Amino acid sequence: MPSTALAGIRVLDLSRVLAAPLATQMLADLGAEVIKVERPGAGDDSRTYGPPFAHGPGGERTDTAAFYLSCNRNKRSVTVDHATAEGQELIRALAARSDVLVENFRTGTLAKYGLDHVSLREADPRLVYLSVTGFGQTGPYASRPGYDGIFQAMSGMMSASGHPEEPMKVGVSMVDVLTGLYASTAVLAALRHRDATGEGQFIDLSLLDCGLASLSHFAMNYLVSGEVPRRRGNGGFGGIPSQVFLCKDEPLFLVAGNDRQFAALCAAADRIDLLHDARFITTSARIAHREEILPVLESILRTRTRDEWLAVLDEHEVPAGPFNELPEVFADPQIRHRGMLVEVEDPVSGRLPLLANPIRFTATPVEGYTAPPALGEHTAEVLADLAGVTDHQLAGLRARGVV
């Protein structure tokens, strides 16, 4: 069986909800051993973020929310109360046997328990310590709490989304998702540095920073021009056209981002005359005359059904795709071919569907998914293996509510 890319890397995951758990799930998918530390009794807040909740083999509702299931596969769960002295010692023991620690407590919280980077690096200077917070470790907002929608609003992401008269957040918790990707990349870079120098480091990652960084060309357009970009609904900010068009029956998304593709679109629509109009002859001209070309294209696209247009556009190699609701997404032959939906055995649900990791390796494939763990499912084995806790000691810890 092929080895995994991160075989031999152990991650102690003290995070909860979405952004940081997505980062540790990515590391787990890539082969790291991820130990999720949760509060006894309650666990990760996201376990209760339902409905919907997973269902058992007989259709009965379980107590595990789909939200939690989205970002905790391939992990083991241990319950430890970090607010107790015994719990803090257990976490220190686990951290001493780990390569990476990930947490997303509010700035300064873990320092009160001696579980911050400064405290833990004394025992292990090779430890990579990632802290994901809303506003970062420094600055006037550092102590504030926050959630994805707040960061979409503050970072400018909402200013790019919606219609001119109404800003709108992205439906998905996009700042959380993007922060998770930034976080996993940061950990991999820090591990590369650690392996080269023997030195671990602290990673300070802010959701607000990640939200702003993700604006990319939208922010750059403003920085270069000084002009505030106008929200365009389902329209893009690059070449024209790049947006949703309503056909005779259903909508599609069409992009002709360069002159060659626009010429192909004109040929597909039997409107070669548009190529002789000085307003539309180049990408820059079409952007400058956006308000004039779009109504022309809208009227053209309404003359045929969506599927008719998709067939002719594909024939002319014009990028286009249907608008899909989720049932159509998972029925799409390309999605099915790529294996983006997997099923795993789950002791609670029986068979549990999961989204697959989209990374395709040749030498270290992502495979062998395991279901997100039940709360404290692996407490006994992990504490025995990594902290030397005996069955007798475990019983005492449980009796005192430490684990």
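Me: Which elements each supply at least two residues of the lining of the largest pocket?
Reply: They are α1 (19-29), β3 (53-55), α2 (66-69), α7, α14 (326-331) and β15 (350-355). Keep in mind that this is a predicted model.

Me: What volume does that largest pocket have?
Reply: About 1200 Å³ of space lies in the largest pocket.

Me: How many residues line the largest pocket, and which lie nearest its centre?
Reply: The lining has 38 residues. Nearest the centre are Q25, S70, R73, L354 and L355.

Me: And how does that lining split by class?
Reply: There are 26 nonpolar, 9 polar and 3 charged residues in the lining of the largest pocket.

Me: OK, next pocket. What is the volume of the second largest one?
Reply: The second largest pocket has about 490 Å³. It is lined by 27 residues, and R16, V17, N104, G146 and Y147 are the closest to its centre.

Me: Which elements give two or more residues to that lining?
Reply: β7 (128-133) and α5 do. The largest share, 3 residues, comes from α5.

Me: What about the classes there?
Reply: The lining of the second largest pocket divides into 13 nonpolar, 8 polar and 6 charged residues.

Me: Back to α5. How do the axes of α5 and α7 cross?
Reply: Helix α5 covers residues 148-155 and helix α7 covers residues 174-197. Their axes come within 7 Å and cross at roughly 90°. The two helices are therefore roughly perpendicular to each other.

Me: Which residues meet there?
Reply: From α5, D148, F151 and Q152 meet M174, V175 and D176 of α7. By class, this contact has 3 nonpolar, 1 polar and 2 charged residues.

Me: Changing topic to sheets. In what order do the strands of the 6-strand sheet come?
Reply: The order is β5-β2-β1-β6-β7-β10, in an open sheet with parallel pairing.

Me: Why is one side of β5 and of β10 left without a neighbour in the sheet?
Reply: β5 (75-79) and β10 (202-206) stand at the edges and each has a single partner strand, so one side of each has no neighbour in the sheet. On average, neighbouring strands of this sheet are turned by 20° against each other, direction ignored.

Me: How many bridges join β7 to β10?
Reply: 5 bridges join them, and the two strands run parallel. As for a residue pair, S131 stands opposite D204 in β10.

Me: Where does α7 touch that sheet?
Reply: α7 packs on the sheet and touches β6, β7 and β10. The direction of α7 makes about 165° with that of β10.

Me: And which strands does α3 lie across?
Reply: Helix α3 (residues 85-96) lies across β1 (10-14), β2 (33-38) and β6 (100-103). Relative to β1, α3 runs at about 150°.

Me: Now the 3-strand sheet. Is its pairing parallel or antiparallel?
Reply: The pairing is antiparallel, in an open sheet with the order β11-β12-β13. The edge strands are β11 (242-246) and β13 (320-322), each pairing on one side only. Neighbouring strands here are turned by 25° against each other on average, direction ignored.

Me: How many bridges pair β12 with β13?
Reply: β12 (residues 251-255) pairs with β13 over 3 bridges, in the antiparallel sense. One residue to look up is L252, whose bridge partner in β13 is P322.

Me: Which helix packs on that sheet?
Reply: Helix α12 (residues 290-301) packs on the sheet and touches β11 and β12. The direction of α12 makes about 40° with that of β11.

Me: Last topic, cavities. How many of 30 Å³ or more does the structure hold?
Reply: The structure holds 1 cavity of that size. The largest cavity has a volume of about 40 Å³.

Me: Which residues line the largest cavity?
Reply: L265, C266, A269, R271, L274, L297, I300 and L301 line it. The lining divides into 7 nonpolar, no polar and 1 charged.

Me: Which elements do they come from?
Reply: α10 (259-268) and α12 each supply at least two residues of that lining. The largest share, 3 residues, comes from α12, the helix that packs on β11 and β12.

Notes:
Residues numbered from 1 in each chain as written. Predicted model: local features only at pLDDT ≥ 70, side-chain atom pairs only at ≥ 80, totals over all residues. Heavy atoms only, no water. Pairing = 2+ DSSP bridges. Helix = DSSP H or I, 4+ residues; strand = E, 2+ residues; numbered from the N terminus. Axes fitted to C-alpha atoms, helices over the stretch in contact; angles between N-to-C directions. Contact = heavy atoms within 4.5 Å. 1 Å grid on protein atoms, 1.4 Å probe; cavity = no way out; pocket = protein on both sides within 12 Å on 5 of 7 lines; lining within 4 Å. Points joined across faces, edges and corners; volume = space filled by probe spheres on them. Nonpolar A, V, L, I, M, F, W, Y, C, P; charged D, E, K, R; others polar. Parallel < 35°, antiparallel > 145°, perpendicular 65-115°, else oblique.
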